[in-house]
Amino acid sequence: MSLPTVYFKKLVEVRVLHDYYLNSDKNPEYFALDDATRALILDAKINNDQYDIWADLFIEPTPETQKVMDGCHIRFVRQKTGFILGIRVKPDSNLNIPFIAPTTNSVFAFHVRLRNSHFLSFSNTRFATNTPAKYYFSNVDQTNALIYPSLSAPIAEFQTGRFYEMGEVAMLGSALMETTVRTSDNLPAHWQIIGSVGIVNESDRQLIPGLFTYIFERESTITHAVFNLYTPGGIIVKTITISDPIRLDRVSLDFRMVDSTAIPAGRYFLDVTGDVGYAQLLSIYINSDLYQREDLCVVELTNTGGASPFSLVDSGGLLPAITPVFEIRFKSRLTYWRYVSNNGIKFKTTAQTSPYLTAQNGKLRSILPLSMVAAPFEFKDPNPAIAHVFLPNPNVQSIRVENDGRVYSDIYIATIKDLIIEDV
């Protein structure tokens with residue numbers, strides 16, 4: 001007697017993409033490219049064993065999610081780009097009926113943790129954050145703000161009084177901009193336009209426990225602050241006021257209880273205001289059970305959690321004809337590339353390098369900040385008459401943040417004829 005055939009079909013695919021591996025001098029902004037071009041680049045990288053996010057990250061379902069998946073005959077399958085969930089289906093002609101359908105609003109949550117300790121060095125994330133919040137990605141799109149296939153929250157408008165690290169992004173009017181220095185202003189000299197869409201940003205840093213520490217920026221001289229926690233509907237849940245006669249630095253905030261009532265897990269806004277014009281508005285998701293200190297982020301997918309194409313099943317509970325594919329898009333860190341002698345001598349620019357590098361205390365620094373990239377990089381000017389130059393890329397262990405607020409990637413190098421020469 002033959003055993004019955006068991007059929008599985010994709011329920012959802014989640015891709016974690018990083019343009020450090022996907023950018024090149026020909027395509028410097030992978031997330032600004034059209035879908036077809038991006039697919040060709042990604043496929044080529046995978047086929048040539050040049051992309052495997054599992055070398056950098058480890059992903060696993062929460063214990064609660066594993067129980068739900070086991071009960072619904074759902075399998076977690078690793079992919080070089082992330083993972084897929086395969087669900088057992090009934091062997092009818094369409095193979096779109098779950099063998100055991102997940103209940104409405106079933107939640108599938110996944111912890112994402114660092115495997116490569118240098119991942120954050122080449123990722124465009126803040127070095128110093130106000131809170132210990134983790135990145136949180138969900139297919140629940142309550143305000144119709146998500147742009148398929150990205151799970152990232154929209155990038156926030158520039159906030160007056162907020163300190164932005166070099167490389168951080170904000171909307172200035174209708175333009176998506178990134179900072180080229182550490183700044184709290186919106187002067188055009190300190191920002192540049194980028195074309196990347198749906199990238200991971202500070203608005204995604206939402207998951208936080210009910211008890212946490214808020215850290216003020218090193219430039220802040222604030223002595224009095226008010227923390228208002230309120231619901232998305234604008235109802236204030238709890239207010240905490242803290243003062244210090246000299247300067248506020250690190251303050252403990254307890255949003256577990258208000259009076260004698262527990263504050264339920266959920267989405268809130270934290271409005272921070274203070275003297276000397278300090279202002280910060282954070283969208284947070286308080287969930288002490290889901291939060292884990294060692295996580296980089298959490299991916300939480302809800303059955304029927306969003307309208308098509310963010311829904312896992314259609315209105316009839318069937319698998320859609322086109323499997324949803326969600327993306328988490330990490331942008332590469334922006335740094336000034338700096339060439340430093342490996343034997344203590346001083347360098348000067350040459351005719352070939354002067355369009356791209358400037359001398360700075362015997363070191364050669366890129367005139368413009370550049371995104372870190374794994375592929376060989378060619379310096380090239382839009383003017384075809386100016387020669388192209390190949391120079392070594394920075395490695396991921398070379399990041400330095402200096403007092404001027406700029407981020408540098410130091411590249412230790414020997415002299416190269418006509419390119420890197422000694423200043424005598």
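This note goes through the predicted model point by point, from the whole chain down to single residues.

1. Ground rules. The model is predicted, so local features are reported only at a pLDDT of at least 70 and side-chain atom pairs only at pLDDT 80 or more, whereas totals for chains, interfaces and linings use all residues. Residues are numbered from 1 along each chain as its sequence is written, and side-chain values use heavy atoms, with hydrogens and water left out.

2. Overall make-up. The chain holds 3 helices and 30 strands, where helices (H or I, at least four residues) and strands (E, at least two) are DSSP runs numbered from the N terminus. The C-alpha trace spans about 85 × 65 × 35 Å along its principal axes. The radius of gyration, taken over C-alpha atoms, is 24 Å, which agrees with the value near 22 Å for a compact globule of 424 residues; that rule is 2.2 Å times the number of residues to the power 0.38.

3. Burial and contacts. Of the 424 residues, 50% count as buried, a term that means under 20% relative accessible area, with exposed over 50% and partly exposed in between (1.4 Å probe, protein chains only). Among contacts with a separation of 6 or more, 68% join residues that are 24 or more positions apart, and a contact means heavy atoms within 4.5 Å.

4. Strands β11 and β14. Strand β11 (residues 211-215) pairs with β14 in the antiparallel sense over 5 bridges; two strands pair if DSSP finds at least two bridges between them. Y214 has V251 of β14 as its bridge partner. In a regular strand the side chains alternate between the two faces of the sheet. Along β14 (residues 250-254), V251 and L253 point to one face and are buried, while R250, S252 and D254 point to the other face and are not buried.

5. The surroundings of L282. L282 is a residue of strand β18 (residues 279-286), and it counts as buried because its relative accessibility is 18%. Leaving aside neighbours within four places in sequence, L282 is in contact with T131, Y214, Y268, F269 and L270, and Y214 is the residue whose bridge partner in β14 is V251. L282 and N303, by contrast, are 21 residues apart in sequence and 27 Å apart in space, C-alpha to C-alpha.

6. The hairpin of β23 and β24. Strand β23 (residues 357-360) and strand β24 (residues 363-366) are paired in the antiparallel sense over 4 bridges, and Q360 stands opposite K363 in β24. The hairpin has 2 residues between the strands, and N361 takes a positive phi near 55° there.

7. Backbone angles worth checking. Two further residues have a positive phi although they are not glycines: L95, at about 55°, and D259, at about 60°. L95 lies in the loop between β4 (82-89) and β5 (107-114) and is partly exposed, with a relative accessible area of 26%. D259 lies in the loop between β15 (257-258) and β16 (261-262) and is exposed, with a relative accessible area of 80%.

8. A cis peptide bond. The bond from Y148 to P149 is cis, with omega near 5°, and P149 is placed in the loop between β6 (134-138) and β7 (169-172).
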